[in-house]
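Thank you all for coming; I would like to walk you through one structure this morning, going from the chains as wholes to a few individual residues. Please have a look at it on the screen before I begin.

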Amino acid sequence: MSCPKNPDGTPVKGIPTCKEICEFLCDYLEGDLPESKRTNFAAHLKACPPCAEYLHQYEATIKLARKCCCPEAEKVAQQVAASGGVQAMPKGWDPAACDKIKAALASKPPPPDDMVKAIMQAMGMAIPPSCQGKGHK
Amino acid sequence: MRNAASIIARVPTVMPDPDEIAAGATRSAEEPIEVISPDEDYGEGQLLLRLRAKDARAYEEVIRDLTPRLLATAIRMLGNEEDSRDAVQDAFLSAFRNIQNFDGKSKLSTWLHRITINAALMKLRTRRRKPAVSINDLLPRHSDDGHFEMPIASWREKPNAEYDIEMRHRVREEIENLPDEYRTVIMLRDVEGLDTAEAGVVLGISESAVKTRLHRARQALRERLAPMFANQSGDQDSERGHP
């Protein structure tokens with residue numbers, strides 16, 4: 001399969017080219033395309049493996065950026081690494097399970113006493129008794 | 001056909017001060033301040049009343065509750081803890097000094113998150129910037145008839161890749177290596193979860209410009225990540241291009 005074409009090889013009117021697909025991918029994913037354009041966009045993606053693959057990779061990139069910068073997921077990653085890495089994870093292991101696990105793994109950070117003290121001082125307020133006598137953590 | 005215009009990275013020059021965001025993001029100075037009853041607005045009405053009354057315990061509660069999350073955001077933006085702590089402290093001070101202007105139409109944590117992002121961006125502005133570089137080479141190229149010039153190599157699926165330590169490190173590294181303006185927009189939209197309008201306010205650019213910049217940033221990052229997912233089987237079927 002390839003881009004939708006007329007029998008003479010010319011592009012089908014109204015169906016976007018691969019270049020147009022790439023240009024408007026963000027709008028497509030965010031639902032910002034008008035319905036008529038969205039339908040033609042979807043028709044192209046259905047018929048064009050390169051564009052379908054590009055869309056898949058574009059979406060995967062967004063997901064990776066979000067997940068790989070998430071500190072909670074970092075804790076899960078460390079646990080996974082300690083257990084032999086992702087290769088050792090059970091087949092079919094649902095990544096969504098990580099979202100449940102990460103909450104359980106998230107350890108409560110130490111109370112930011114120095115932050116409390118600095119802000120209270122800057123605001124001209126009394127240092128709370130809970131912070132007195134404690135230094136930077 | 002390639003885009004004719006060269007894309008040169010520029011760090012935005014217009015960036016609102018955290019105090020401006022804290023003071024003006026939710027209401028203008030001329031508007032009367034609406035008193036929030038304790039049982040409305042995300043259940044934070046009572047807390048807001050205490051903050052406005054300068055209840056020290058309320059301030060302490062908010063700082064202790066939100067610092068970890070805000071610090072994580074600042075570290076993602078700035079990359080080091082010292083600057084990040086300064087940014088978070090600046091954000092708290094801006095917010096508390098303008099708490100009378102906060103109308104409670106968003107959660108306090110959401111408001112502080114936005115102010116922290118702004119404080120972090122202010123810090124970034126003071127740093128030595130990376131030289132402006134073009135990302136043209138990282139964008140897809142198309143022939144005159146609109147098809148991809150090069151086949152799109154399929155990605156070898158790596159289940160749970162986001163939990164692989166090495167993969168996480170490399171993805172963060174590739175984001176870090178993007179020119180400042182592209183890295184920042186990915187952080188705001190895809191990592192911190194701001195919507196297009198919010199990112200536009202923070203960056204001082206139009207929503208349209210945010211979308212254009214974000215799209216190019218994602219395309220560039222996709223290209224940089226591609227070698228990590230390359231299908232190394234050598235199978236021609238792994239490359240999808242037009243016949």
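Let me start with chain B, which has 9 helices and 2 strands, and let me say at once that what we are looking at is a predicted model. Read from the N terminus, the elements of chain B run α-α-α-α-α-β-α-α-α-α-β, and of its 243 residues, 48% count as buried. If we take the contacts in chain B with a separation of 6 or more, 75% of them are accounted for by residues 24 or more positions apart. The surface that chain B exposes is about 11600 Å², with carbon and sulfur atoms supplying 48% of it.

Chain A, for its part, contains 7 helices and 0 strands, so that line of the diagram, from the N terminus on, simply reads α-α-α-α-α-α-α. Here 39% of the 137 residues count as buried, and residues 24 or more positions apart make up 52% of the contacts with a separation of 6 or more. The accessible surface of chain A amounts to about 7400 Å², and 56% of that belongs to carbon and sulfur atoms.

Now to helix 4 of chain A, residues 49-68, which has 20 residues and spans 28 Å from its first C-alpha to its last, close to the 28 Å expected at 1.5 Å a residue. Is this helix enclosed by the rest of the structure or not, and on what grounds would one say so? Since 14 of the 20 residues of helix 4 of chain A are buried, it is largely enclosed by the rest of the structure.

Part of the surroundings of this helix comes from the other chain. Two packed helices are described by the angle between their axes and the distance between the axes. In our case, the axes of helix 4 of chain A and helix 6 of chain B, residues 165-177, come within 9 Å and cross at roughly 105 degrees. That makes helix 4 of chain A roughly perpendicular to helix 6 of chain B, given that angles of 65 to 115 degrees are counted in that class. On the chain A side the contact is made by Leu64(A), Ala65(A), Lys67(A) and Cys68(A), and on the chain B side by Arg168(B), Val171(B), Arg172(B) and Ile175(B). It may help to recall, when looking at such a set, that an α-helix has 3.6 residues a turn, so residues three or four places apart point the same way.

A further contact between the chains involves Leu93(B), in helix 4 of chain B, residues 81-97. Leu93(B) touches Ile119(A), Ala122(A) and Met123(A), leaving aside residues up to four places away in sequence, and at 10% relative accessibility Leu93(B) counts as buried.

Next, the cysteines: how many disulfides are there over all chains? The count comes to 0, where a disulfide would require a pair of cysteine sulfur atoms within 2.5 Å. For Cys22(A), the closest cysteine sulfur is that of Cys51(A), at 5.7 Å, which is too far for a bond; Cys22(A) is itself buried, with a relative accessible area of 3%. For Cys69(A), the closest cysteine sulfur is in Cys68(A), 6.9 Å away and again too far for a bond, and Cys69(A) also counts as buried, at 9% relative accessibility.

Cys51(A) comes up once more around His44(A), a residue of helix 3 of chain A, residues 35-47. His44(A) is buried, with a relative accessible area of 0%. Not counting residues up to four places away in sequence, His44(A) touches Cys3(A), Pro4(A), Ile15(A), Pro16(A), Thr17(A), Cys18(A), Ile21(A) and Cys51(A). Of these, Pro4(A) is 40 residues from His44(A) along the chain, yet their C-alpha atoms are separated by 6.3 Å.

I will finish with two residues of chain B. Most residues other than glycine have a negative phi, and most peptide bonds are trans. Lys54(B), however, has a phi near 55 degrees, a positive value in a residue other than glycine; Lys54(B) is found in the loop between helix 2 (45-52) and helix 3 (56-78) of chain B, and at 52% relative accessibility counts as exposed. Arg125(B), by contrast, sits in helix 5 of chain B, residues 108-126, and counts as partly exposed at 31% relative accessibility. Arg125(B) and Asp180(B) are 55 residues apart in sequence, and their C-alpha atoms are 10.0 Å apart in space.

Terms used
Residues are numbered from 1 along each chain as its sequence is written. Chains are lettered from A and ligands numbered from 1 in the order in which they are written. This is a predicted model: local features need pLDDT of at least 70, side-chain atom pairs count only at pLDDT 80 or more; totals for chains, interfaces and linings use all residues. Side-chain values use heavy atoms; hydrogens and water are left out. Helices (H or I, at least four residues) and strands (E, at least two) are DSSP runs, numbered from the N terminus. The expected span of a helix is 1.5 Å times one less than its number of residues. Buried means under 20% relative accessible area, exposed over 50%, partly exposed in between (1.4 Å probe, protein chains only). Contact means heavy atoms within 4.5 Å. Accessible areas come from the Shrake-Rupley method with a 1.4 Å probe; for residues, only the protein chains shown count as cover. Axes are lines fitted to C-alpha atoms, for helices over the stretch in contact, and angles run from 0 to 180 degrees between N-to-C directions. Angles under 35 degrees count as roughly parallel, over 145 as roughly antiparallel, 65 to 115 as roughly perpendicular and the rest as oblique.
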